[in-house]
Amino acid sequence: MNGLNVSIWIAQLKRWVWTSVLAGLLVCLSLTSWLPTAWADVYNKEILLNRDFSNRDLTDASFTKSDLRGSDFSNSDLRGVSFFAANLEDVNLEGANLSVATLDSARFARANLKNANLEGAFAFNAEFRKANIEGADFTDVDLRDDTLEILCAVAQGTNPVTGRNTRETLYCDY
């Protein structure tokens, strides 16, 4: 082989290596692009009495139809969580971020929602009998009229994170 043929052969080999590397990268990217980047925790239809979920990031987790009586979710990030039809009696949600959560048909009887942020949550059929809502932020939460009456009867305080008055977020005085 003369020097010119070796140079051509080396150039072709370099092109082939780079083409193979790029093709491999494209295949890897296309195979992983459909995979989710993070998996949310799923606790649907589970019995989780008196569990400690405090100070956790549970963003987008699902507790649909779960029994969570007596559990502690204080100071947890619960943005986008589904508590659809969950039993949350006597649950501690103090300081929790429940913004844009699904709370429809959930039971919050005697729950501690002190300083919780429920902004944008869907809670139309949720029950809040004897719940502590001091300092809770209900901005843009759609609630039934009878539920609003119950909540306005006890609404007080200002949310320390959002700075909003609980009564104002519920439109109690309008």
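**Close-up 1. E127 and R129 form a salt bridge in this predicted model.** The closest N and O atoms of E127 and R129 are 2.9 Å apart. How accessible are the two partners? E127 comes out as partly exposed, at 24% relative accessibility, and R129 is partly exposed too, at 40%. Taking the whole structure, the count comes to 10 salt bridges, and the next two views show others.

**Close-up 2. R144 pairs up with D146 in a salt bridge.** Here the closest N and O atoms sit 2.6 Å apart. R144 has a relative accessible area of 31%, so R144 is partly exposed. D146 is partly exposed as well, with 37% relative accessibility.

**Close-up 3. R167 and D173 make another salt bridge.** Look for the closest N and O atoms at 2.8 Å. R167 is partly exposed, with a relative accessible area of 25%, whereas D173 counts as exposed at 57%. Elsewhere, E89, D90 and R110 are joined into one network by salt bridges that share partners.

**Close-up 4. F63 and F83 form a stacked aromatic pair.** The structure holds 10 aromatic pairs, and this view picks out one of them, F63 with F83. A pair of aromatic rings is described by the distance of the centres and the angle of the planes. For F63 and F83, that works out to 5.2 Å centre to centre and 25° between the planes. Stacked means planes under 30 degrees apart, so the 25° of this pair qualifies. Where do F63 and F83 lie? Both are in the loop between α1 (3-32) and α2 (145-154), so the pair ties together parts that are 20 residues apart in sequence. Each ring belongs to a buried residue: F63 has 0% relative accessibility, and F83 has a relative accessible area of 0%.

**Close-up 5. F63 and F83 are also members of an aromatic cluster.** Who else is in the group with F63 and F83? Y43, F53 and F73 complete the cluster.

**Close-up 6. S74 is a buried serine in the loop between α1 and α2.** Its relative accessibility is 10%, and buried means under 20%, so S74 falls on the buried side of the cut-off. What does the side chain of S74 touch? There is a polar contact with the side chain of D72, at 2.8 Å. Set aside the neighbours within four places in sequence, and S74 is in contact with S54, N55, N92, L93 and E94.

**Close-up 7. Helix α2 has a buried side and an exposed face.** T147, L151 and C152 are the buried residues to look for in α2. Why do T147, L151 and C152 end up on the same side of α2? They cover an arc of only 130° around the axis, which puts them on the same side of the helix. The general idea is familiar: an α-helix has 3.6 residues a turn, so residues three or four places apart point the same way. Turned away from the buried side is the face with the exposed residues D145, E149 and A153.

**Close-up 8. The buried residues of α2 pack against another helix.** Which helix do the buried residues of α2 pack against? The partner is α3 (166-169). Among the α2 residues to pick out here are the buried T147, L151 and C152.

How values were computed:
Residues are numbered from 1 along each chain as its sequence is written. This is a predicted model: local features need pLDDT of at least 70, side-chain atom pairs count only at pLDDT 80 or more; totals for chains, interfaces and linings use all residues. Side-chain values use heavy atoms; hydrogens and water are left out. Rings of Phe, Tyr and Trp (its six-membered ring) pair if their centres lie within 6.5 Å; planes under 30 degrees apart count as stacked, over 60 as edge-to-face and the rest as tilted. Helices (H or I, at least four residues) and strands (E, at least two) are DSSP runs, numbered from the N terminus. Buried means under 20% relative accessible area, exposed over 50%, partly exposed in between (1.4 Å probe, protein chains only). A salt bridge is a side-chain nitrogen of Lys or Arg within 4 Å of a carboxyl oxygen of Asp or Glu. A polar contact is a pair of N or O atoms within 3.5 Å; within protein, one must be able to donate a hydrogen and the other to accept it, and residues adjacent in sequence count only if both atoms are side-chain atoms. Contact means heavy atoms within 4.5 Å. The arc is that of the directions from the helix axis to the C-beta atoms.
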